[in-house]
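Welcome, and please have your viewer ready. We will go from one selection to the next, pausing at each stop to see what is there.

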Amino acid sequence: MATFTVGAPICTKPTTCSLKQAQGPSRLSSLRLISLPINSKNFPSLRSSKMPPRLQVFCAAKAETVSKVCEIVKKQLALPDDSEVTGESKFAALGADSLDTVEIVMGLEEEFGISVEEESAQSILTVQDAADLIEKLIEKK
Amino acid sequence: MNLLWRTVRIPMNTFCLHRTFAASALHLAPVQLPSRAESHLWYLVPDEVKSVSLLGQYSEILSPCENEYVACIRGEQLKKTALLARVLVRTTIARYQTDGYIDPRSLKFRKNIHGKPELEWDNDDSGSRPPVQFNISHTASLIACGVTSSSPIGVDIEKKDRKIQNNIISFARRYFTPNEVERLSSISDLNVQRQHFLKLWTLKEAYVKALGKGISALPFSTFTIKSRNFEKKELNGSGDSDPEITVESVDGQRSLLSNWQFTLLELAGTHFAAVCVARDGSMGGKNMFNFGLGYGKHFTGLKSILTVSDKCFTPKKLTVMKTIPFVGDESMSGTDAAIVCGF
């Protein structure tokens, strides 16, 4: 999952980034990459300018968060690396029982430096739910 | 539906010998409701259900919704467990018929506000509905369903050799109570500590499930589960081999929690199983109550133990049955497959 930094040449698929501001829970489950033929010679002004910080964080963090959650879930449930776990994956359908879910939440707490109250755990049904909650808690910090 | 059964091969060391079935229809043998002094624990070993045709029959018992859910599950083993769990619940409940045959397909379920499955009856079913309470728990290799006739019940099982990904003491500090952390920390053998952790987890889960709540509604840090026997041993060096397991809330309101009875078993040699039921409270003036349980090879019949309070509670006897729906049952109480374990 690539983040992009302005000022460097980027080799990416030529798709456009979704620049929509998310309203409420986002359903982004994959990062769309920006193709920016940036060359400091042709666009000198971009060398020092930055993308609006909020947008930059939004595009990268969501997908990266989902990715990290997927990683932690795969590890807890001992799923092979190539098994399909995405934002839409439901914990229960992946075979997670209550102890797995709590272990995963604890893993997420340690990974992201957050604290998830048990009451919130009930609303975590999918990987995306977990990622969204993490984002919310990080924002609050 | 007419069926022609081929020989069903069942592993000899766990069940009956080879059988040949020429049944004309799937038949569920009725079972008597547990009395107020009893609970039933049914369990099924998925690996022992190999017949493809039987699994096909099982799918036909599930509701369309349940079949859809099973279809969504990834992985054959997980799919099978999900199917068998629902089959176990439907067929088990249907067997407690008080007024004529109940088609397991006709049972309806709903979830309470915290997600605990419950039976749902139409108004016109009042004549034939068995007054059962149930709770189910499963791992990939075992499915267990506890049943009572009126008391709330919670069941939880975990594989004995389950590994914990996180550090056990860190996990306990995060989710359990200080008393429980202290007890865990006092165990120097890491394997024994891991097993104690699992037993504690199943007991806590069984409790919140009996309450119909789940961990979100009743965080595990709000109540302590401990062994009265362990405390007695610590204080004066004595104590029987039965762990009397109690629950108390962290804020000190013990009296509210003395009406829950716990049983902790080693089930099928592979799992820890915790069963939590509401006691039958009866004011009697006596200070003793009696226990009736299978103790592996050492079944001692009734045994007297001191009460937890001045109320006289009638403890529930737990009967353990292994089953394969439509195939047969085997009583496991008093065998090595259902051993009350220390805590």
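Start by selecting chain A in this predicted model. Among its contacts between residues at least 6 apart in sequence, 63% join residues at least 24 apart. Now colour chain A by secondary structure: you should find five helices and zero strands, so the order from the N terminus reads simply α-α-α-α-α. Switch on the surface next. The accessible surface of chain A is about 8,500 Å², and carbon and sulfur atoms account for 55% of that area. Of the chain's 141 residues, 40% count as buried.

**Across to the other chain**

Keep chain A in view and select helix α3, residues 98-112, together with helix α4 of chain B, residues 168-175. At what angle do these two helices pack? The angle is about 95°, and their axes lie 12 Å apart. Angles of 65 to 115 degrees count as roughly perpendicular, and α3(A) and α4(B) are therefore roughly perpendicular to each other.

Show the side chains here. From α3(A), pick A:Leu99, A:Val102, A:Glu103, A:Val105, A:Met106 and A:Glu109; from α4(B), pick B:Ser170, B:Phe171, B:Arg174 and B:Tyr175, which they meet. Colour this contact by residue character and you get six nonpolar, one polar and three charged residues.

**Into the strands of chain B**

Now move to strand β5 of chain B, residues 143-148. Is this strand mostly covered or uncovered? It is mostly covered, with six of its six residues buried. Turn the strand to look at each face. On one side are B:Ile143, B:Cys145 and B:Val147, and on the other B:Ala144, B:Gly146 and B:Thr148; all of these are buried, so both faces are covered.

Which strands pair with β5(B)? Begin with β1(B), residues 38-44, which pairs with β5(B) in the antiparallel sense over five bridges. To find your place in this pairing, select B:His40 and look opposite, where B:Val147 of β5(B) stands.

Then select β4(B), residues 133-138. This strand also pairs with β5(B) in the antiparallel sense, here over six bridges. A handy marker is B:Ser137, which stands opposite B:Ala144 in β5(B). Finally, follow the backbone from β4(B) to β5(B): a hairpin joins the two strands through four residues.

For a last view, display β1(B), β5(B) and β4(B) together, with β5(B) in antiparallel pairing with β1(B) and with β4(B).

Methods: Residues numbered from 1 in each chain as written. Chains lettered and ligands numbered in written order. Predicted model: local features only at pLDDT ≥ 70, side-chain atom pairs only at ≥ 80, totals over all residues. Heavy atoms only, no water. Buried < 20%, exposed > 50% of the residue type's maximum accessible area, 1.4 Å probe, protein only. Contact = heavy atoms within 4.5 Å. Areas by Shrake-Rupley, 256 points an atom, 1.4 Å probe, with all protein chains shown as cover. Axes fitted to C-alpha atoms, helices over the stretch in contact; angles between N-to-C directions. Parallel < 35°, antiparallel > 145°, perpendicular 65-115°, else oblique. Nonpolar A, V, L, I, M, F, W, Y, C, P; charged D, E, K, R; others polar. Pairing = 2+ DSSP bridges.
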